Amino acid sequence: MQNKGAVFLDRDGVVNDNRKLVNKPEDLILYSWTAQAIRRLNDAHFPTFIVTNQGGIELGYFTSRDLENIHACLKQQLQTANAHIDDIVYCPHYHHPCECRKPKPGMLLHLAQKHQIDLKLSWMIGDREPDILAGASAGCHTIKLGEHDVIADYYCENLRQAVETILQSPLRLNDIKEY
Ligand SMILES: [Mg+2]
Ligand SMILES: [Zn+2]
């Protein structure tokens, strides 16, 4: 039974400040509102995932081991604020043809299958066009942060506002049990 919606988050520029590249744990600076926004999703029983393009691995800027360390640091920081991410998936490719690099929806499709998520009841929040295209292509509702430079369902300033938009949505997605 797949009647559960989820929230997919892009990482850089959504969860953490992306003015500087994140190549090691010390580079990871969460926005001041991130932990609380994610906790709001946790409290509302929305499985919350991060789907992130990390082509820097293929390009040799950092290794998948480095990325695991960065994500361990991310989880740790959230944990101290009683918030959690249910799963993190990344695409390590850049030039290499793959099905996971956004704007392709591969990471969302993978998570939906793994966690029994209904994509039509789900949301993708991103700060760049490929995030919105991946979300739309997977059949999710989409929220674009920042400039209105791509067609999304909603536009918000930041993750905090995006989470409020989801929680106030008249669709009340996670309350729907049957159609
Ligand atoms: Mg981004
Ligand atoms: Zn990939």
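Where is Gln 116 found? Gln 116 sits in the loop between helix 4 and strand 4, and we'll come back to it after a look at the whole chain.

This is a predicted model, in which local features need pLDDT of at least 70, side-chain atom pairs count only at pLDDT 80 or more, and totals for chains, interfaces and linings use all residues. Residues are numbered from 1 along each chain as its sequence is written, while chains are lettered from A and ligands numbered from 1 in the order in which they are written.

**The whole chain**

The chain has six helices and six strands; helices (H or I, at least four residues) and strands (E, at least two) are DSSP runs, numbered from the N terminus. Going along the sequence, you meet them in the pattern β-α-β-α-α-β-α-β-α-β-β-α. The radius of gyration is 15 Å, close to the 16 Å that the globule rule gives for 179 residues, so the chain is as compact as a globular protein of that length. That radius is taken over C-alpha atoms, and the globule rule is 2.2 Å times the number of residues to the power 0.38.

Of the 179 residues, 37% are buried. A residue is buried if 20 or more other C-beta atoms lie within 10 Å of its own, exposed if 12 or fewer, and partly exposed in between, with C-beta atoms placed from the backbone.

**Helix 4**

Helix 4 covers residues 106–115, and its buried residues are Met 107, Leu 108, Leu 111 and Ala 112. They cover an arc of only 135° around the axis, which puts them on the same side of helix 4; the arc is that of the directions from the helix axis to the C-beta atoms. Exposed Gln 113 and Lys 114 are on the face turned away from that buried side. Among the elements covering the buried residues are strand 1 (7–9) and helix 5 (129–138).

**Odd spots in the backbone**

Most residues other than glycine have a negative phi, and most peptide bonds are trans. Here are two residues that have a positive phi without being glycine:

| Residue | Phi | C-beta neighbours inside 10 Å |
|---|---|---|
| His 45 | near 65° | 10, exposed |
| Gln 116 | about 55° | 13, partly exposed |

His 45 lies in the loop between helix 1 (34–43) and strand 2, whereas Gln 116 follows helix 4. There's also a cis peptide bond, from Lys 102 to Pro 103, with omega near 25°. Pro 103 belongs to the loop between strand 3 and helix 4.

Note on methods:
Two residues are in contact if their C-beta atoms, placed from the backbone, lie within 7 Å.
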